[in-house]
Amino acid sequence: MKAPEQSWLLKQLDGWEAEGLVTADSARVLRERFRAQGAVSMGAGSLMMGIVGALLVGAGLIVLISHNWDDFSRPQRLACAFVPLLLSQLWTASLMRRGGVEMWKRESAGLFQTATTGACIALVSQTYHIGGHWTQFLLSWCLLTLPLVWALRGRFVAVFYVLGIGIWSIGQNHVDEAWYLTPWVYPFLLLGIWPYCPGFGLQHLPDRLLRRALTLSAAAGIAACSSQACMNSALPSTQVEGTTFWLTLLGAAGLCLFPLSKTGLKEGLNAKPQVLLPAIALLGYAFAATFVESSEAFTAAATSGLSTSWGRLLAGALAVLGGVAVWQQRFALLSLAMIPLLPLVDSVLPVSLSILSSLHLTAVGLTLIVLDFYGKPSAPRCGAAILTALIFARMMDSKFSLVTKGIVFMGVGVAFLAFNQFMSRRKHSQPASVV
Amino acid sequence: MKTALSWMSFGVACVAQWAVPLASIRAREEVLERGAVVRVAVMAPDPFDPLRGRYLRVNPKESEVVLAQEVSHLTAGKKVWVQIEKGSDGLHHLGGLTEKRPDAGDYLPMILRRAWNQGLDSGDKSLKFRVEWPVDRFYVNEILAPKADEWLRENTRGKKTVVAELRLLNGTAVITDLELDGRSFREILKQSGH
């Protein structure tokens, strides 16, 4: 809900409560929810200005340092490293001592301190010519800012940390490293934000921004672990790329089945990047598979992926999450999450992967539509779009005449528009559920 | 309770943000003050670090080792200790390699890597490895960096050897200068009007 609507709703609540339209408990829950969201959106302008300001000052500091002031003595350069850090810490401390300060100040202070920390360790390593891969620097920076996430409860610092460890895991793909210097540490690093989100009592669910950051970071972590698993396995180097991709896809399938609370289940697809991003990747893969003449490479990647311990772990996790999804009646998502398993099914059935993928996509499309009529979580328009795209794809590679193709395209277009109109009318008559 | 935890976390953050760079500074200042001078032949191209600025990548020319029998079980990725010994040419070279930290002498921790010609799929157990030196860069001023790069390229094409001067103490090394024919590259650049 947008800020003006939230504001209007909050104003109406007292009247509705007095008239008995809503109970006192319901009014309290609504007030808490929309006041929290309203606080974010109403201060959005100040917040963005504060964030941009802190980022610019921090970036300016780092760029100044990059110039390398080698005319300065070592103590002078070190003073340049520590004075901004000290100032940022004092600013943050003063805000914490005052308490109840505006959100933009808290977020700006957190980001400013994050920037000065990075600038400080950058200047020290520049002064003493300390070597090492950029990922080591990034990890040190992230870890030094992690306690700030807990202290300030600042979501932008949390986003920095979460994205930072994701980028680190991608950059830290080395064959010959000890396990604690490889992406296998990523899950433990991710646990670092647990005290902030979701909190020990699971009371702080991530907002949309943090959800997006978490999704991107988790996707990077899964891809990095998949790559690491393949590099450390005995797979021939020609199979490493394909297997890494399949394992990442398997992880993405697990990600989109991540269990949600009852409130989370009712939210729209835009509020669930952990569903949206993997769903796009999974559908892309399935559509690509419908064009495949020989499924050998797909099947080889899937079977060799499953032969690795990481692949078996992901498959196990997918099975468990699939069980939870069945319990939560998220059948539409379940049908999507099964896509990476198609090459494995193809290896035991006498059907080509192209036909299997086409059939599965048809089933996914129909499932997304039909579930809506049973009041289950679904996405009918997405289902219709999948079916339409599938018909287009099959028409494109068919040997029908252009006249036939044209008529089919028009027919599908009209059917799509009619379906859209039908769904709009249906939505007005009853609230539609979502994935 | 919540406020106390917040302050505690903030305290941890502040202490760590000071302690990590200060520990690094202390270790390196000690090396610069008390460390032995070591001179290693290097190649030095000029890349860029977006956060820390321009630097000359210091690639010691000597980077391949053949494992002795007693350490032949070592594999790529392992950390080893390599003795740094002075040669008759006045430069320092790689010496013996051990798994445990030596008790005396000049030594550096290095990481064993597969030799360049040893593929991932080969599977053969070769005793030839590369070593990854703990010093790999020399930060320079952004104005000086391109000139230094050009000068280095001109001078490392022939038989001349660019030497990195390091200070070395208890396995920690700090680069102090790059030189050619015993003269600092800054001094040479200044005199040659670069």
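1. Over all chains, the structure holds 13 aromatic pairs. The model is a predicted one, and every value below is to be read accordingly. One of the pairs joins A:Trp91 and A:Phe112 in an edge-to-face arrangement, with 6.2 Å from centre to centre and 65° between the planes. A:Trp91 belongs to helix H4 (residues 74-98) of chain A and A:Phe112 to helix H5 (residues 103-127) of chain A, so this pair ties together parts that are 21 residues apart in sequence. As to exposure, A:Trp91 counts as partly exposed at 30% relative accessibility, whereas A:Phe112 is buried, with a relative accessible area of 16%.

2. A further pair is formed by A:Phe137 and A:Trp141: the ring centres lie 5.9 Å apart and the planes stand at 55°, so the pair is tilted. Tilted is the class left for planes that are neither under 30 degrees apart (stacked) nor over 60 (edge-to-face). Both residues are found in helix H6 (residues 134-152) of chain A, where four residues, about one turn of the helix, separate A:Phe137 from A:Trp141. A:Phe137 is buried at a relative accessible area of 8%, and A:Trp141 is likewise buried, at 9%. Together with A:Phe160, A:Phe137 and A:Trp141 make up one aromatic cluster.

3. Charged side chains also sit over rings. In chain A, A:Arg394 lies over the face of A:Phe291, at 5.2 Å from the ring centre. In chain B, the ring of B:Tyr55 has the charged end of B:Arg137 over it, 4.3 Å from the ring's centre.

4. Chain B contains an open sheet of five strands, in the order S5-S9-S8-S6-S7, with antiparallel pairing. Its edge strands are S5 (64-66) and S7 (92-98) of chain B, each of which pairs on one side only. From one strand to the next, the twist averages 50°. Within this chain, strand S8 (residues 107-114) and strand S9 (residues 128-132) pair in the antiparallel sense over four bridges. B:Arg113 has B:Arg130, in S9(B), as its bridge partner.

5. The surroundings of A:Leu306 may be examined last. A:Leu306 is placed in helix H13 (residues 296-307) of chain A and is partly exposed, its relative accessible area being 29%. When residues up to four places away in sequence are not counted, A:Leu306 touches A:Trp246, A:Gly311, A:Arg312, A:Ala315 and A:Leu344. A separation of 8.1 Å is found between the C-alpha atoms of A:Leu306 and A:Leu247, which are 59 residues apart along the chain.

Conventions
Residues numbered from 1 in each chain as written. Chains lettered and ligands numbered in written order. Predicted model: local features only at pLDDT ≥ 70, side-chain atom pairs only at ≥ 80, totals over all residues. Heavy atoms only, no water. Helix = DSSP H or I, 4+ residues; strand = E, 2+ residues; numbered from the N terminus. Buried < 20%, exposed > 50% of the residue type's maximum accessible area, 1.4 Å probe, protein only. Contact = heavy atoms within 4.5 Å. Pairing = 2+ DSSP bridges. Axes fitted to C-alpha atoms, helices over the stretch in contact; angles between N-to-C directions. Phe/Tyr/Trp six-rings, centres within 6.5 Å; stacked < 30°, edge-to-face > 60°. Lys NZ or Arg CZ within 6 Å of the ring centre and 35° of its normal.
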